[in-house]
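Me: I am new to this one. Please take me through the labels, and show me how each is earned.

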Amino acid sequence: MNKPSEPEIDLNKLLGSIFGRKKGKKNGISRGTSPKKILFIELIVILVIISLWGASGFFQVQPGQQAALQWLGKFTSIQGTGLHWWYPAPFGKTTVVSVEEIRRLEIGFRDDVEVPDESLMITGDENIVDAQLLVQYDISSIEKFLFRVSDPAGIVLKSAAESALRQVVGQRNIDDVLTTEKEAVQADTKIMLQSLMDKYETGIRIREIKLQTVRPPNQVQDAFDDVVRAREDKEKIINLAQAYEADILPRAEGNASKLIREAEAQKEQAINIATGKANKFLSVLTEYQKAPNVTRTRLYLEAVERFLPEINKILVEDNINQIGRASCRE
């Protein structure tokens, strides 16, 4: 926006305002005023005007800002934070820009108002998806931002952001865009958009790309909601099955280890018992081979001693009973 032109200074009026109250004035200056005095006054006025013009060249650059200096319309240099002076108009020009301010660009919406012409796009499997994008950026080069491209933060950035998002979404299926690959879409869009900004020399640095809303068109929203719910149910069932598996497998493995240890212990016990019995039999066999009759009698007596205490009845032959009864009569 051009500044309104400053009013021209009429020296005659100025001098007339100083000397005009005297009588006999001519053209605003009294007849008694000498030419030297008039010239002196004019020089003072000119010096005041030059001083005011020079003083208007001072400018302040706040933290986070930079100033681009121009001389006769040509870019000259950049000034950082502090108080500076540069030739004022019409010779010089100073443009102060906030380079660290995080700016934003909305694609597909403006506050709470949707802009479907910007957000509707075709996916890789030829479906339509409604993707709204928020671009956050700052200025990396004030020279490029101001002098290389016309309206870099306006139509250039907006067109490049739409193009990058459409190209990234066009390489993926709609299911991936809606569910699992939102982060990948944001990352790829940021890389592609930054590449375009560098190629066009806009001086813009992309700080963040955020997908605000990704959804199918309203006409098929209910069908896609059913698909999403089915996927969520699938994931829920899979998680429950994995939890059950994580609970059952350790217990089964523990029981199997316990059975294996018990079987090994039983095995060792059976082997030890069998070995002991075998060694005992071999020792008896050795003694039997040395004295068969003695060993046979000893084994018989040991067996009788082992069995007789458990017997409640004793059976004897009849002739022994008769001898016993005869003896009783006598």
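Me: What makes Trp53, Trp71, Trp85, Trp86, Tyr87 and Phe91 a cluster?
Reply: Ring pairs link these residues. The model is predicted, and it holds six aromatic pairs. Rings count as a pair if their centres lie within 6.5 Å.

Me: Why is the pair of Trp53 and Phe91 called edge-to-face?
Reply: Look at two values. The ring centres of Trp53 and Phe91 are 6.0 Å apart, and the cut-off for a pair is 6.5 Å. The planes stand at 85 degrees. Over 60 counts as edge-to-face, so the label fits Trp53 and Phe91.

Me: Which parts does the pair of Trp53 and Phe91 tie together?
Reply: Trp53 belongs to helix H2 (residues 35-55). Phe91 sits in the loop between strand S6 (82-85) and strand S7 (92-98). These parts are 38 residues apart in sequence.

Me: How do you know whether Trp53 and Phe91 are buried or exposed?
Reply: Neither word applies. Buried means under 20% relative accessible area, and exposed means over 50%. Trp53 has 30%, so it is partly exposed. Phe91 has 39%, so it is partly exposed as well.

Me: And what makes Trp86 and Tyr87 an edge-to-face pair?
Reply: Their ring centres are 5.2 Å apart, and their planes meet at 70 degrees. That angle is over 60, so Trp86 and Tyr87 are edge-to-face. Trp86 is buried, because its 14% falls under 20%. Tyr87, at 35%, is partly exposed.

Me: Why are H8 and H9 called oblique?
Reply: Helix H8 (residues 221-290) and helix H9 (residues 292-307) pack at about 130 degrees, with axes 5 Å apart. Roughly perpendicular stops at 115, and roughly antiparallel needs over 145. The angle fits neither class, so H8 and H9 are oblique.

Me: What makes the contact between H8 and H9?
Reply: H8 brings Val284, Glu287, Tyr288, Gln289 and Lys290. H9 brings Pro292, Thr295, Arg296 and Leu299. By class, the contact has four nonpolar, two polar and three charged residues.

Me: Which residues have the most contacts inside the largest nonpolar core?
Reply: They are Val135, Leu157, Leu165, Leu193, Met197 and Ile206. The core has 36 residues. Helix H5 (152-169) is one of the elements supplying at least two. The largest share, eight residues, comes from H5.

Me: What does Leu193 touch, leaving aside its neighbours within four places in sequence?
Reply: Leu193 is in contact with Val135, Leu157, Ala160, Ala161, Ala164, Ile206 and Ile209.

Conventions: Residues numbered from 1 in each chain as written. Predicted model: local features only at pLDDT ≥ 70, side-chain atom pairs only at ≥ 80, totals over all residues. Heavy atoms only, no water. Axes fitted to C-alpha atoms, helices over the stretch in contact; angles between N-to-C directions. Helix = DSSP H or I, 4+ residues; strand = E, 2+ residues; numbered from the N terminus. Parallel < 35°, antiparallel > 145°, perpendicular 65-115°, else oblique. Contact = heavy atoms within 4.5 Å. Nonpolar A, V, L, I, M, F, W, Y, C, P; charged D, E, K, R; others polar. Phe/Tyr/Trp six-rings, centres within 6.5 Å; stacked < 30°, edge-to-face > 60°. Buried < 20%, exposed > 50% of the residue type's maximum accessible area, 1.4 Å probe, protein only. Core = buried A, V, L, I, M, F, W, Y, C linked by side-chain atoms within 4.5 Å.
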